[in-house]
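Please open the model in a viewer and keep the sequence panel visible. The stops below are arranged as a series of selections.

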Amino acid sequence: GSRIVKELGDGLLLWFPDACAALKFALDLQDQYEHEATAGHMPIWVRMGLHWGNQTRRRDDIVGHDVNLASRIVNHAGPGEVLLSDATVSAMGEDARSYDFHELGPIVMKGIPAPVRLYRAGRPGGW
């Protein structure tokens, strides 16, 4: 049920029908990149940011404050990291217990009126 909304230079904007599916995909993809790097292939260091919220559809595109916030979150991620907002963790409900989160604290972001609480996501015992 997910889809590629658009390409943004060397990045992608993806849409997922649920927050758990988005996080599972992001961590699975990072695992695959790590596997390729340890197998002797050139490492690909990808930064990922997830935010769960509202969007406005414009034909096949999505726009709005929450889309902009997702873009700002990825800017704070380091190579190989998956960062997500507290709204994403909340949207996961009880399923969030299947993952480990390291709180980075409220982060001030350009163009976003209030600081956003961010978390680094990982698999249980993966730190």
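Leaving aside its neighbours within four places in sequence, which residues is L23 in contact with? Select L23 and display its surroundings in this predicted model. The residues in contact with L23 are L50, V82, L84, M92, Y99, F101 and A121.

**The whole chain**

Next, colour the chain by secondary structure. The protein contains three helices and eight strands, and their order along the sequence is β-β-α-β-β-β-α-β-α-β-β. The radius of gyration is 14 Å, close to the 14 Å that the globule rule gives for 127 residues, so the protein is as compact as a globular protein of that length. Rotating the C-alpha trace shows a span of about 40 × 30 × 30 Å along its principal axes. Of the contacts between residues at least 6 apart in sequence, 58% join residues at least 24 apart.

**The largest nonpolar core**

Return to L23 and add L50, V82, L84 and M92 to the selection. These five residues touch the most other members of the largest nonpolar core, which has 17 residues. At least two residues of this core come from each of α1 (19-38), β3 (48-50), β6 (82-85), α3 (86-92) and β8 (116-122). Helix α1 supplies the largest share, six residues. Another core, of nine residues, lies apart from this one; A77, L83, I112 and V116 are among its members. In the protein as a whole, buried residues make up 32% of the 127 residues.

**The surface**

Switch to a surface representation. The accessible surface of the protein comes to about 7900 Å², and 51% of it belongs to carbon and sulfur atoms. Now select I4, L12, L14 and F25, which form a nonpolar patch on the surface. Together these four residues have about 350 Å² of accessible area. To place one of them, follow strand β2 (residues 11-15), where L12 is located.

**The charged network**

Finally, show the side chains of the charged residues. The structure holds seven salt bridges, and the tour visits those at D28 and R123, beginning with the pair D28 and K24. The closest N and O atoms of D28 and K24 are 2.6 Å apart in their salt bridge. Both residues belong to helix α1; because they are four residues apart there, about one helical turn separates them. D28 is partly exposed, at 32% relative accessibility, and K24 is likewise partly exposed, at 44%.

Keep D28 selected and add R123. The side chains of these two residues meet in a salt bridge, at 2.4 Å from N to O. R123 lies in the segment after β8 and D28 in helix α1, so this pair ties together parts that are 95 residues apart in sequence. With a relative accessible area of 28%, R123 is partly exposed.

Add D31 as the last selection. A salt bridge joins the side chains of D31 and R123, at 2.8 Å from N to O. Because D31 lies in helix α1 and R123 in the segment after β8, the pair ties together parts that are 92 residues apart in sequence. D31 is partly exposed, with a relative accessible area of 39%. With K24, D28, D31 and R123 displayed together, the view shows one network, joined by salt bridges that share partners.

Methods. Residues are numbered from 1 along each chain as its sequence is written. This is a predicted model: local features need pLDDT of at least 70, side-chain atom pairs count only at pLDDT 80 or more; totals for chains, interfaces and linings use all residues. Side-chain values use heavy atoms; hydrogens and water are left out. A nonpolar core is a set of buried Ala, Val, Leu, Ile, Met, Phe, Trp, Tyr and Cys residues joined through side-chain atoms within 4.5 Å. Buried means under 20% relative accessible area, exposed over 50%, partly exposed in between (1.4 Å probe, protein chains only). Contact means heavy atoms within 4.5 Å. Patches are made of residues with over 30% relative accessible area and no salt bridge: like charges are joined within 9 Å, nonpolar side chains (Val, Leu, Ile, Met, Phe, Trp, Tyr) within 5 Å. Accessible areas come from the Shrake-Rupley method with a 1.4 Å probe; for residues, only the protein chains shown count as cover. The radius of gyration is taken over C-alpha atoms; the globule rule is 2.2 Å times the number of residues to the power 0.38.
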